[in-house]
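Here are a few short exercises to work through with the model open beside you. Try each task before reading its solution.

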Amino acid sequence: MGDKGGKSDMDRVGLFQEMTYVTIGDKYKPAGQSTFNDAAGKGKQMLPGGSKDKSARQDGYFSEKFNRVMDGEAYSDPVKLRRRYRMAEAKKNLSKAFLPTNGQKAMNGLGTFFGTIGGNVKAFSPVSKGGGSGKNPLKNVMTNPGKRGTGYGFAQVALNPYPQHAADDYNIGYRLLKKEVAQHKAQLKAGAFHLNMHPSDYFDGNPYRTDKPLPPLRKSADVTKKDVGPPFRPSNPGKVMGGMKAGTFEPYPLKSKDPYGIKDKRPVNVVNKSGRIFMPSQGPKTTPCKSIVNQNVVRSVNITNYRSVTVL
C-alpha cells in the first residue's frame, strides 16, 4: 500500500517500528486449561475453625478469660471528689463571693416616694412650718376704666395718643431725583464716552452698494425687434439598452474568437532526484486507542477468571 502512494500499516497504526514479541518459542496452551498459582493448591491447606457467635459465655471472644480494664484500682467516692474540687476552687477567690445589686423597687401606692431614685423631697412635705414674720403684699395694678366708644371716627379713644398730622409734599420724590441728576451732571467734565469699536452692520463695506445712478430701463419693444434665434432645445435623453445594444456611447465590440484550451501548461509527472513522485511530510502519528466498551469487557473477563482460580 505504501508503494502505491498510500500509508503503510505502521504509519496507519501510529508506531515508528514494529514491537518485539515476548512469547516467541513458547508452547501453545489452549484457553481454559491454564491455572493461576499452582503451588497454592498443593499440600496441606489452612483450615479455619469457623466463626463464633457472641453469647453470654466466653466462647464468642478471642480471649479465653474476661479481663478487667483496670485491675487492682482503689475505690473512689465521686461525691467526695466533687467536694474537694469545690474547696480547691474556693481557695482561689481573693475576696467574698460577688453579689449583684438589688433589683428595681416597685412603688407601693400614689403619693409616696418609696421606690424612687431620689427619695423623699422636703419641699413636698406635708408638715406645716412655723409662722414667722410675713410681709404685706403690695397693691395690684390700678388702671383707668375703659373709654367709651368704638374707636372708629373718634379721637382720643385708643390707648396711645392720637398721631399728629405731618405735611407730605406730593412731588417730593421727583424733585429729589431731579436734584441728584443735576448734581451728577455738574460733576461731569466732558461729553459722553464713545468707543471707537462701535459695531457696524457689516464687517466690511457692502460691495454691491453704489452711489452711481442706474441706467434707464429698456422698453419691451426694443427687445422684440432683435433677432434672438431659434428657441433652446435640450439634448436628447439617454438611450435605453435594448436587444441590439443601441444604448451605448460607442458601438458594441465584436465577439473575438477564443478557442477552448489549456492556458497554463504544467508538467504532468513531477519527480525528484531519486525519480520518485514528491510526497509531503507525514503529520503527527497517533497510537491505537481501545474503546471503553472493549476495556470493560476485558476487565470483567479477567475478574471472572481470577475468582474461579481462587475458588479452586
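**Exercise 1.** About how much area does the protein expose, and what share of it do carbon and sulfur atoms supply?

Solution. Keep in mind that this is a predicted model. Start with the total: the protein exposes about 35,400 Å². Then take the share: carbon and sulfur atoms supply 58% of that area. To add the matching view of the interior, buried residues make up 1% of the 312 residues.

**Exercise 2.** Describe the secondary structure by counting elements and reading their order along the sequence.

Solution. The count gives five helices and zero strands. In sequence order, the pattern is α-α-α-α-α. As for contacts with a separation of 6 or more, 24% join residues 24 or more positions apart.

**Exercise 3.** Find the salt bridges and classify the partners by accessibility.

Solution. A search of the whole structure gives two. In one, Lys 92 pairs with Glu 89, with the closest N and O atoms 3.5 Å apart; this falls within the 4 Å cut-off. Lys 92 is exposed because its relative accessibility is 57%, while Glu 89, at 32%, is partly exposed. In the other, Arg 175 pairs with Asp 169, and the closest N and O atoms are 1.6 Å apart. Arg 175 has a relative accessible area of 40%, so it is partly exposed. Asp 169 is also partly exposed, at 40%.

**Exercise 4.** Which residues make the nonpolar surface patch of about 250 Å²?

Solution. The patch is made by Val 293, Val 297 and Val 301. Place Val 293 next: this residue lies in helix 5, residues 292–311. Val 293 counts as exposed because its relative accessibility is 61%, and the cut-off for exposed is over 50%.

How values were computed. Residues numbered from 1 in each chain as written. Predicted model: local features only at pLDDT ≥ 70, side-chain atom pairs only at ≥ 80, totals over all residues. Heavy atoms only, no water. Patch = residues over 30% accessible without salt bridge, like charges linked within 9 Å, V, L, I, M, F, W, Y side chains within 5 Å. Areas by Shrake-Rupley, 256 points an atom, 1.4 Å probe, with all protein chains shown as cover. Salt bridge = Lys/Arg side-chain N within 4 Å of Asp/Glu carboxyl O. Helix = DSSP H or I, 4+ residues; strand = E, 2+ residues; numbered from the N terminus. Buried < 20%, exposed > 50% of the residue type's maximum accessible area, 1.4 Å probe, protein only. Contact = heavy atoms within 4.5 Å.
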